[in-house]
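Trainee: Please take me closely through one strand pairing in this model. Then follow the chain outward from there.

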Amino acid sequence: MPVESGSSAAGRPVKQKRKSHSLSIRRTNSTEQERPGMQRDMLEGQDSKLPMALRSNLLDLFGQIEREFENLYIENLELRREIDSLNERLAGEGQTVDGGDLSKGALKTKASHSTSQLSQKLKTTYKASTSKIVSSFKATTSRAVCQLVKEYVGHRDGIWDLAVTRVQPLVLGTASADHCSMLWSIETGKCLLKYAGHAGSVNSIKFHPTEQMALTASGDQTAHIWRYMVQLPLPQPPADTSASLDDDGDFSDKDEADGEAEGPSECPTIRVATTTLKSHQGVVIAADWLVGGKQVVTASWDRAANLYDVETSELVHALTGHDQELTHCCTHPTQRLVVTSSRDTTFRLWDFRDPSIHSVNVFQGHTDTVTSAVFTVGDNVVSGSDDRTVKVWDLKNMRSPIATIRTDSAVNRISVSANQRIIALPHDNRQVRLFDMSGVRLARLPRSNRQGHRRMVCCSAWNEENQACNLFTCGFDRQAIGWNINIPALLQEK
């Protein structure tokens with residue numbers, strides 16, 4: 001709209017520009033053209049220090065704005081009538097087909113879905129001219145694609161990382177800046193076990209592929225391997241309901257200390273590691289198990305990644321070459337490959353498949369810190385960066401990315417679902433977004449004052465073994481959240 005022209009001086013070139021622009025938006029009938037004369041007569045009877053010419057120009061502009069809004073209002077009324085008539089028609093067809101009540105059964109779902117599709121088509125058709133007002137018209141019903149299932153509250157500081165065990169029983173593990181790592185019951189949200197063997201922030205947690213062992217990396221310059229044994233609570237619906245209500249009370253913004261102190265204190269606590277890996281000269285920011293679980297790799301702020309033998313805890317290889325601090329490391333699920341990320345804007349691929357040759361490849365696809373790079377089940381690497389991009393690479397040809405995702409906020413530790421290959425992006429701006437491998441945005445996890453993260457989201461982790469709670473996120477609001485992602489509906493709406 002030509003509102004910006006209203007404050008300009010009444011010069012001849014500006015007037016000419018206004019007239020030519022006003023022709024493009026004037027959609028009035030003959031009766032509306034009588035208004036300027038009437039409004040100018042009204043101006044003559046009003047006190048104003050503005051020159052008459054300038055007042056007249058302002059009046060013309062505001063008149064055009066008013067007419068534009070009138071047209072939008074009329075179009076929206078027509079659109080609303082069409083939607084109502086379509087709803088009535090669908091309701092009538094439903095009554096004749098089934099003869100039952102539309103508020104019950106599969107007929108309601110079918111009619112609601114058809115109404116949603118038709119309404120969406122109407123909105124798309126009129127979007128060009130009515131986007132400012134029609135945006136408030138939502139589909140009458142929609143499938144729940146992303147739902148918050150459970151909140152895991154108990155840490156006293158931000159949660160950096162999380163992971164799900166690979167062997168039964170399936171539990172959630174979190175690593176926090178409060179120097180502790182915790183294991184949680186996915187169903188009840190209760191803490192089952194606490195590891196308090198580190199003297200610094202716990203920055204990473206990963207579980208052994210076949211045994212009940214956890215690997216944690218810490219700011220105390222060490223990585224610890226510790227064994228755990230947990231027993232899931234017996235299914236008790238009344239107790240579970242009250243427990244979830246207690247969790248909601250503990251989750252209040254104001255009084256966190258009392259509620260958080262009670263839950264974890266009841267958990268068994270492990271204070272001594274089975275194995276301690278200590279060859280780094282700086283913060284150990286991440287660690288992971290190589291395929292088979294006989295070796296682990298650690299990444300540190302001392303600009304090196306170290307490969308250790310688990311049984312002897314001896315250093316096998318020091319992986320050097322990054323120019324700045326490392327931020328993450330990840331191992332391939334089926335091959336002896338390691339990828340390390342760094343603040344030097346690169347990530348490196350280390351190949352240990354041939355015992356006699358340890359090759360390394362450097363990739364410079366980002367312009368800022370690479371916060372994480374992860375392997376997929378296929379031959380892909382997905383990298384995320386503080387430059388607000390995520391890139392998908394093909395291991396067979398890493399010269400350039402096969403897809404680039406541009407976002408509005410820095411990206412932290414990403415994860416990719418094994419079965420559907422959906423990328424979950426945790427952001428600095430408290431959002432979590434889902435994309436497919438070709439870079440198409442699928443959804444954004446809901447976030448409001450009552451649910452979702454309230455601060456930076458640090459990490460995401462998929463768990464496709466549990467259909468009810470198949471995605472987890474954690475952040476600096478001291479909580480981890482379990483989500484149900486309706487993947488079939490998500491891909492259908494793609």
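Mentor: Start with one bridge in this predicted model: Val-416 has Ile-423 of β24 as its bridge partner. The two strands involved are β23 and β24, which run antiparallel and are joined by 2 bridges. They belong to an open sheet of 4 strands, ordered β23-β24-β25-β26, with antiparallel pairing. Look at the edges of that sheet. β23 (415-416) and β26 (441-444) each have a single partner strand, so one side of each has no neighbour in the sheet.

Now stay with Ile-423. This residue also sits in the largest nonpolar core, which has 25 residues. Together with Phe-347, Val-382 and Leu-425, Ile-423 touches the most other members. Several strands supply at least two residues each, including β17 (347-354), β20 (380-385) and β24 (422-426). β19 gives the largest share, 4 residues. Another core lies apart from this one, with 18 residues, among them Leu-442, Trp-462, Leu-471 and Ile-487. The general tendency is familiar: in soluble globular proteins, nonpolar side chains tend to be buried together.

Compare a second pairing, β11 with β12. These strands pair in the antiparallel sense over 5 bridges. They form a hairpin with 5 residues between them, and Gly-292 in the turn has a positive phi of about 100°. β11 (284-289) is mostly covered, with 6 of its 6 residues buried. Within this pair, Ala-287 stands opposite Thr-298 of β12.

Thr-298 deserves a pause. Its strand, β12, spans residues 295-300. Its relative accessible area is 1%, under the 20% cut-off, so Thr-298 counts as buried. Its side chain is not without a polar partner: a contact of 2.6 Å joins it to the side chain of His-280. Beyond four places in sequence, the residues in contact with Thr-298 include Ala-223, Val-284, Ala-287, Tyr-308 and Cys-329.

Follow the chain on from β12. Arg-303 lies in the loop between β12 and β13 (304-309). Its phi is near 75°, a positive value in a residue other than glycine. Arg-303 is partly exposed, at 44% relative accessible area. Ser-313, in the loop between β13 and β14 (315-320), also has a positive phi, about 60°, and is not a glycine. Ser-313 is partly exposed too, at 31%. As background, most residues other than glycine have a negative phi, and most peptide bonds are trans.

There is a cis peptide bond to note as well. Gln-168 and Pro-169 are joined by it, with omega about -5°. Pro-169 falls in the loop between β2 (159-164) and β3 (171-176).

Finish with another open sheet. Its 4 strands come in the order β1-β29-β28-β27, again with antiparallel pairing. β1 (146-153) and β27 (457-462) are the edge strands, each with a single partner, so one side of each is left without a neighbour in the sheet. From one strand to the next, the twist averages 25°. Inside this sheet, β28 (471-475) and β29 (479-485) pair over 4 bridges. One of the bridge pairs is Cys-474 with Ala-480 of β29.

Last, set the record beside the model. An unreviewed UniProt entry places "repeat: WD" at residues 195-226, 277-318, 319-360 and 363-403. Over residues 195-226, the chain is 0% helix and 53% strand, and the end C-alpha atoms are 8 Å apart.

Notes. Residues numbered from 1 in each chain as written. Predicted model: local features only at pLDDT ≥ 70, side-chain atom pairs only at ≥ 80, totals over all residues. Heavy atoms only, no water. Core = buried A, V, L, I, M, F, W, Y, C linked by side-chain atoms within 4.5 Å. Buried < 20%, exposed > 50% of the residue type's maximum accessible area, 1.4 Å probe, protein only. UniProt positions renumbered as here; feature names shortened; annotations may be inferred. Polar contact = N/O pair within 3.5 Å; in protein donor to acceptor, adjacent residues only side chain to side chain. Contact = heavy atoms within 4.5 Å. Pairing = 2+ DSSP bridges. Axes fitted to C-alpha atoms, helices over the stretch in contact; angles between N-to-C directions.
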